[in-house]
Amino acid sequence: MATSYGLRHSTTAASLLLLRNSHIHLPRFRLNTHLFIPNPHPPSSSLSISFSRLSPSAALSSSYAGGENEELPGVAEAMNISPATAAAVGVCIAVAVLALPLAMPSLGRGLPLKTRAVSYATLLFGFYMAWNIGANDVANAMGTSVGSGALSLRRAVIIAAVLEFSGALLMGTHVTTTMQKGILVATVFQGKETLLFAGLISSLAAAGTWLQVASYYGWPVSTTHCIVGSMVGFGLVYGGAGAVFWSSLARVTLSWVVSPLVGAFASFLVYKCIRRFVYSARNPGQAAAAAAPLAVFLGVTGISFAAFPLSQTLSVAIAQALACGACGAVLFDRIIRTQLGHLLDKPPKDDAQVTESRTENESSKNIGLLSDIAGPKGTQLKIVYGVFGYMQVLSACFMSFAHGGNDVSNAIGPLAAALSILQGGACGGEIVIPNDVLAWGGFGIVAGLMVWGYRVIATIGKKITELTPTRGFAAEFAAASVVLGASKLGLPISATHTLVGAVMGVGFARGLNSVRAETVREIVTSWAVTIPAGATFAVVYTWIFTKFLSYLL
């Protein structure tokens, strides 16, 4: 039966997927010219050795050495672990998925066995959605760091797993409306609780299905758009045109255009500023070390003000955010001086490099923001990449924590609403999301990231344009700034679309030929198909679930 198949698939996918392609040999990090636009000024081999010491480059990047048509490797090869270890992790995840719901208070203790059985299945559907959020959406935060070599894939997954779970549990939304994101009109379904319950779990299954398809092909799509498409499809077919808030759907559609354009524009400016004020300086390494604390100050201040619970008084909240930013800047400056001080204290020894740097500096007044500036070389390039490598890791950590706190509601909101309806709650108004459900969503996100996250990481970090630490930082910093600012202003922005646009913007800053057009076309097509695909799956699943529930309940 389709329903039981979906449940088995959601719980055993982890162990099966870990065993794919275990025979592929994984060489060390090197760029593949079949997938990337060649870099006309590749870094020297000494730089590669030095930078890998600072932050090991990703093993994932070398797994595409076989050509464009070669399949992605399994997780064992991508994360550089043995197939036996990968299989053991998959089995542990599968066992935990089946066993943990039995100990959760949200299963409905004291309720009839039939109701508890349906609650158990509902929790599995919620996990399936959260798993696919981890496989697709979470990868966006770490994709540029892995693509630039600032983090290895294994370290990126471990860091993201800890921060995503912490963000979901500590900052996850505890109160939500039954109709997540204001897409459906709740009053239309008064007296139709079974239909509404079927629609909610169908939306989870439908959004999860499309996310899994997108993750398989490495397409970075918006989790929010998946949920919106699923709920709109259910609402239109089973509630009529009056069951949908069309203004909300219009805002989502507008974000398709606004998000990538704003992200591309912001990252274009950030990367051009780096080239103008760092690359053209007399001593680019010193310029990078001086600019880094300023960027950290701005980033930490903005994130503290936008995401953390500060004082209700505006002036006090601003002061608290500025204090957090100052502490972050001082700490980061200490780290940079400690790790790279031996290079910063040494003047460049290459006379040709000194002459070139001075010549560029003397004519800097004639250099515009959009001018094509040659990058530093030798020791100076090591310092610049080292500084921005650390900055990129820091920005990726912030994005992961914020994502865990914000986007977990895409899976947990409909799940908590469905459980409330099933266990006798009202089908309208506000409900409280229990901590065990929040933790369940966080676990699902971590599991999806560990098993399949590397696929979308490959697209974000490798297939759109070639990334270095400076380019990766420009994309992440710009995307994070745009998303935080838009969230405060209430503008329709998609984090996924913004980051993809930001990566494209960095590529455009290097020239139109630096962006892989084929990959961009695939991504844009997946965006356009997301809502119709989610709607179609939701309609089909709702029909199946209503038939099944009519016999069961």
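## Cysteines

C397 counts as buried because its relative accessibility is 19%, which falls under the 20% limit for that class. C273, at 33% relative accessibility, counts as partly exposed. This is a predicted model, and there are zero disulfides in the structure. As a reminder, a disulfide is a covalent bond between the sulfur atoms of two cysteines.

## Overall make-up

Stepping back to the whole chain, you will find 19 helices and two strands. The protein chain has 553 residues, and 56% of them count as buried. Its accessible surface comes to about 22300 Å², with 65% of that area belonging to carbon and sulfur atoms.

The contacts in this chain reach far along the sequence. Take the contacts between residues at least 6 apart in sequence: 87% of them join residues at least 24 apart. Two such pairings, seen through their C-alpha atoms, come up further down.

## Helices α5 and α6

Helix α5 covers residues 113-136. How does its length compare with what should be expected at 1.5 Å a residue? The 24 residues should span 34 Å, and the end C-alpha atoms are 35 Å apart, so the two values agree. This helix is also mostly covered, with 19 of its 24 residues buried.

Next along the chain comes helix α6, made of residues 139-148, and here ten of its ten residues are buried. Among them are N140, M142, T144 and V146, and the list also includes the glycines G143 and G147. Just after α6, G149 takes a positive phi of about 90 degrees.

## Helix α12: a patch and a salt bridge

Helix α12 spans residues 314-344 and is the main contributor to a nonpolar patch, giving three residues to it. The patch lies on the surface and is formed by F305, L314, I318 and L322, which together have about 340 Å² of accessible area. One of these residues, I318, lies in helix α12. With a relative accessibility of 38%, I318 counts as partly exposed.

The same helix holds a salt bridge, in which the side chains of R337 and D333 meet at 3.4 Å, N to O. Why are these two residues about one helical turn apart? R337 and D333 are four residues apart in helix α12, and that spacing amounts to about one helical turn. Both ends of the pair are partly exposed: R337 has a relative accessible area of 38%, while D333 has a relative accessibility of 25%.

## The other salt bridge

A search of the whole structure finds two salt bridges. Besides the pair in α12, the side chains of E518 and R516 meet in a salt bridge, at 3.5 Å from N to O. Are its two residues buried or partly exposed? E518 counts as partly exposed, with 38% relative accessibility, whereas R516 counts as buried, at 16%.

## Q286 and its contacts

Q286 lies in helix α11, which runs over residues 284-307. At 31% relative accessibility, Q286 counts as partly exposed. Which residues does Q286 contact, leaving aside its neighbours within four places in sequence? They are R337, L344 and Q380. R337 is already familiar from its salt bridge with D333, and Q286 thus links up with a residue of that pair.

Q286 can also be paired with I383, which is 97 residues away along the chain. The C-alpha atoms of Q286 and I383 are separated by 8.1 Å.

## T542 in the last listed helix

T542 has its place in helix α19, residues 517-552. Is T542 buried or exposed? T542 counts as buried, because its relative accessibility is 0%.

What surrounds T542, once its neighbours within four places in sequence are left aside? T542 is in contact with L195, A198, G199, S202, F234 and Y238. G199 deserves a second look: G199 and T542 are 343 residues apart along the chain, yet their C-alpha atoms are separated by 5.5 Å.

Technical notes: Residues numbered from 1 in each chain as written. Predicted model: local features only at pLDDT ≥ 70, side-chain atom pairs only at ≥ 80, totals over all residues. Heavy atoms only, no water. Disulfide = S-S within 2.5 Å. Buried < 20%, exposed > 50% of the residue type's maximum accessible area, 1.4 Å probe, protein only. Contact = heavy atoms within 4.5 Å. Areas by Shrake-Rupley, 256 points an atom, 1.4 Å probe, with all protein chains shown as cover. Patch = residues over 30% accessible without salt bridge, like charges linked within 9 Å, V, L, I, M, F, W, Y side chains within 5 Å. Salt bridge = Lys/Arg side-chain N within 4 Å of Asp/Glu carboxyl O. Expected span 1.5 Å × (residues − 1).
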